Amino acid sequence: MSDWPPGYARQVLGEVDSTMLEAARQAPGLSGPTWICALHQTAARGRRGRVWANPAGNFAATLVMPTPDAPDKRALRSFVAALALFDALVAVSGRVDGLALKWPNDVLLTGGKVAGILLESLGNHLAIGIGVNLVAAPGLSEVEAHAVPPVSVLSVLGVEVGQEVFLDMMATAFARHEAQFTTYGFAPIREAWLARAARLGEVVTARMGAREVTGTFETVDAEGRIVLNTATTRQAIAAADIFF
């Protein structure tokens, strides 16, 4: 593992309920950033407690980071993770075409969802969960109505990628972007993310529970909020599901 980033610990587990739950169990005893990868999960979950389908061979890992950061700064790590996912997918596939980042925390491949990110605070630690459809995508019956359809790296690109190989690519890319974030702040991360953003300049719908806002996706602001221009106003939204 000569390419493994210095300062990060690495765990590969055969089976756990979920890497996020394992991260919560281990966090109190961890003194440095630690990647926890599971070859199989029995109770994976995504944002807002949704079930995350995790067929055998797909990638599931959580990075546990000790951090004194306030919640608003912790949330910006989703952009760091998204850029790392983008770079890791480029590294394993050899192509950039078709890859895009969907606010707030998904990666798209030829318009379908190939990866997702989940952030949770664990006291003095931050857990960053990563799921990637390496070999198989959930069926449409397993995703929310009108959501972006899921795809896999294998089905779209015809590339077979091992879970541990992807872990090494992801950890290396994350360490690089995290170093930039801690040194220069959010501005260069934001600029790089926007350069890879899906549907920038197009009309999208932000759904916040029973409330919806439809407008042109103008930008992401300095706090990481999506900015939509509607017919009557300009709104900066901190948390929502985005639909195209």
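A residue is called buried when its relative accessible area is under 20%, exposed when that area is over 50%, and partly exposed in between, as judged with a 1.4 Å probe on protein chains only. The structure is a predicted model, in which local features need pLDDT of at least 70 and side-chain atom pairs count only at pLDDT 80 or more, while totals for chains, interfaces and linings use all residues. Residues are numbered from 1 along each chain as its sequence is written, and side-chain values use heavy atoms, with hydrogens and water left out.

In helix α6 (residues 186–195), a DSSP run of H or I with at least four residues, strands being runs of E with at least two, and both numbered from the N terminus, the buried residues are Phe-186, Ile-189, Ala-192, Trp-193 and Leu-194. The cover over these residues includes α3 (77–93), β4 (99–102), α5 and β9 (211–220).

Helix α5 (residues 163–184) packs with α6 at an angle of about 135 degrees, and their axes lie 7 Å apart; such axes are lines fitted to C-alpha atoms, for helices over the stretch in contact, and angles run from 0 to 180 degrees between N-to-C directions. The two helices are therefore oblique to each other, since angles under 35 degrees count as roughly parallel, over 145 as roughly antiparallel, 65 to 115 as roughly perpendicular and the rest as oblique. The contact (heavy atoms within 4.5 Å) is made by His-177, Gln-180, Phe-181 and Tyr-184 of α5 together with Phe-186, Pro-188 and Ile-189 of α6. By class, five of these residues are nonpolar, two are polar and none is charged, where Ala, Val, Leu, Ile, Met, Phe, Trp, Tyr, Cys and Pro count as nonpolar, Asp, Glu, Lys and Arg as charged, and the others, Gly among them, as polar.

Enclosed space was also examined on a 1 Å grid over the protein atoms alone, a cavity being a set of points where a 1.4 Å probe fits but cannot get out, with lining residues having an atom within 4 Å of a point. Two cavities of 30 Å³ or more are found in the whole structure. The largest cavity holds about 40 Å³ of space and is lined by Leu-89, Ser-93, Leu-99, Leu-109, Val-114, Val-153 and Leu-157, with α3 and α4 (153–157) as the elements that give two or more residues. Its lining has six nonpolar residues, one polar and no charged.

Notes. 1 Å grid on protein atoms, 1.4 Å probe; cavity = no way out; pocket = protein on both sides within 12 Å on 5 of 7 lines; lining within 4 Å. Points joined across faces, edges and corners; volume = space filled by probe spheres on them.
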